[in-house]
There are 2 protein chains.
Amino acid sequence: MPLDVRWLDPDEQRAWRAWLDAHAHLSARLNRELQATSGLSLSDYDVLVHLTDVPDGRLRAFELARGLEWEKSRVSRQVARMAERGLVERAASPEDGRGAYVAITAAGRQAIENAAPAHVELVRQLVFDGLTTAQVRTLATVALSVLSRLDDAT
Amino acid sequence: MPLDVRWLDPDEQRAWRAWLDAHAHLSARLNRELQATSGLSLSDYDVLVHLTDVPDGRLRAFELARGLEWEKSRVSRQVARMAERGLVERAASPEDGRGAYVAITAAGRQAIENAAPAHVELVRQLVFDGLTTAQVRTLATVALSVLSRLDDAT
DNA sequence: CGAGCTTGGTTGTCGTGACAACCAGATTGA
DNA sequence: TCAATCTGGTTGTCACGACAACCAAGCTCG
């Protein structure tokens, strides 16, 4: 066991713990609230956001997987559940015999249009209303730094 | 549907997305690495950290739940799994007939002592080596702000 | 062409977590 | 004292996600 480990100093410890805690509590809270007020989970919400972002409201499953950075199995199952609830529909692809389109339904649009305002408002209240613009920018910088280091890493 | 929603501005969007992405990728990566190099999950790791932090290496289940901020059912199941692998032991409490102590075993100590250095090193590489001390402090401030707003909220 | 590789997607299996129901031991208050 | 309540913990059930195995449709190259 190496004796030269560079442990975290107290400031780093603090920041690290706080980050983990904040994220855990925040996502639990957002999920609970979303669930309670609109019957959607965060995953449902993310799928619907991606589908509404595209002109015709439909995407191939693999595009959805790419956009969400999800495992394809996760997409498959999430879409299956959402289809059962009528939020999306699946359709075979004419161009590619293997393909599966995922299309948002009217009910799906309704659901996200109902859910979005309160959700965004809550994010604003819990996060951004407490921060200065400088802090927001630093937050972005920090997160982007982590992301780039994750990409670099072996 | 309210028309006066205060949507996120571009900077906020960016910070929000980056935060979520960074956390998702980072925790996936840390989990994978920990699993691969030491056979522990992040949850295992957290439990072991809490147990090594206390003098006699044992805690009542409810103390563990409090410290980890976990549901008691989660603690119960996690401990059951870890006991099966010999990382911890359960013991009845003499003082309280209902009580259950969770104690780290020699194997558990060994496991975390093996795992910790590489884990901390990775956190350092992926997060802190890329940040200035000012950024670290801002990160802590931001996270703490979110936490306090979560507490306030109804 | 057609065997072998690649790609898009689904499914089996396992581990995990939330929530609620439940059980047993402790506590308390009329 | 003893019924009502509270507390510590476990278990049932459901949803979710990762990973690997699998299936079928395209592609590619001799």
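## A walk through two chains and two DNA strands

In strand 3 of chain B, B:A91 has B:Y101 as its bridge partner. That little pairing is a handy way into this predicted model, so let's start there and work outwards.

B:A91's side of the story is strand 2 of chain B, which is joined to strand 3 (residues 100-104) of chain B by five bridges, with the two strands running antiparallel. Step back a bit and you see an open sheet of three strands in chain B, ordered 1-3-2 and paired antiparallel. Strand 1 (58-60) and strand 2 (88-92) of chain B sit at the edges with a single partner strand each, so one side of each has no neighbour in the sheet. On average, neighbouring strands here are turned by 25° against each other, if you ignore direction.

What packs on this sheet? Helix 2 (residues 42-52) of chain B does, touching strand 1, strand 2 and strand 3 of chain B. The direction of helix 2 makes about 95° with that of strand 3 of chain B. Then there's helix 4 of chain B, which lies across strand 2 and strand 3 of chain B and runs at about 115° to strand 2 of chain B.

Now swing over to chain A. Chain A has six helices and three strands, and from the N terminus on they come in the order α-α-β-α-α-β-β-α-α. The three strands make an open, antiparallel sheet in the order 1-3-2. At its edges are strand 1 (58-60) and strand 2 (88-92) of chain A, each pairing on one side only. Neighbouring strands of this sheet are turned by 25° against each other on average, direction ignored.

For a close look at the pairing in chain A, try strand 1, which three bridges join to strand 3 (residues 100-104) of chain A in an antiparallel arrangement. Here A:R60 stands opposite A:Y101 in strand 3 of chain A. Helix 2 (residues 42-52) of chain A packs on the sheet and touches strand 1, strand 2 and strand 3 of chain A, its direction making about 95° with that of strand 3 of chain A. Helix 4 of chain A packs on the sheet as well, touching strand 2 and strand 3 of chain A, and its direction makes about 115° with that of strand 2 of chain A.

As for overall dimensions, the C-alpha atoms of chain A fill a box of roughly 60 × 40 × 25 Å along the principal axes. The radius of gyration of chain A is 19 Å, whereas a compact globule of 154 residues would come in near 15 Å.

How do the two chains relate to each other? A turn of 180° with a shift of 0.0 Å along the axis lays chain A on chain B with an RMSD of 0.0 Å. That is the relation of a two-fold axis. If you want to find the axis on screen, look for A:L139: in chain A its C-alpha is the nearest one to the axis, at 3.3 Å. The same surface serves both copies, with 100% of the contact residues of chain A recurring in chain B.

That contact draws 49 residues from chain A and 49 residues from chain B. On the chain A side, helix 1 (10-38), helix 5 (106-126) and helix 6 (133-152) each supply at least two residues. Which helix of chain A gives the most? Helix 6 does, with 16 residues. Sorted by class, the side of chain A that touches chain B has 28 nonpolar, 10 polar and 11 charged residues.

That leaves the DNA. Around DNA strand D there are 22 residues, and the closest are A:S73, A:G97, B:F62, B:S73 and B:S76. Helix 4 (72-84) of chain A, along with helix 3 (61-68) and helix 4 (72-84) of chain B, each supply at least two residues of the surface near DNA strand D. By class, that surface has four nonpolar, eight polar and 10 charged residues.

Over at DNA strand C there are 22 residues around the strand, and A:F62, A:S73, A:S76, B:S73 and B:G97 come nearest. The elements giving two or more residues to the surface near DNA strand C are helix 3 (61-68) and helix 4 of chain A, together with helix 4 of chain B. The residues of this surface divide into four nonpolar, eight polar and 10 charged.

Definitions and conventions. Residues are numbered from 1 along each chain as its sequence is written. Chains are lettered from A and ligands numbered from 1 in the order in which they are written. This is a predicted model: local features need pLDDT of at least 70, side-chain atom pairs count only at pLDDT 80 or more; totals for chains, interfaces and linings use all residues. Two residues are in contact if their C-beta atoms, placed from the backbone, lie within 7 Å. Helices (H or I, at least four residues) and strands (E, at least two) are DSSP runs, numbered from the N terminus. Ala, Val, Leu, Ile, Met, Phe, Trp, Tyr, Cys and Pro count as nonpolar, Asp, Glu, Lys and Arg as charged, and the others, Gly among them, as polar. A residue is near a molecule or strand if its C-beta atom, placed from the backbone, lies within 6 Å of it. Two strands pair if DSSP finds at least two bridges between them. Axes are lines fitted to C-alpha atoms, for helices over the stretch in contact, and angles run from 0 to 180 degrees between N-to-C directions. Copies are superposed by least squares on the C-alpha atoms of residues with pLDDT of at least 70 in both. The radius of gyration is taken over C-alpha atoms; the globule rule is 2.2 Å times the number of residues to the power 0.38.
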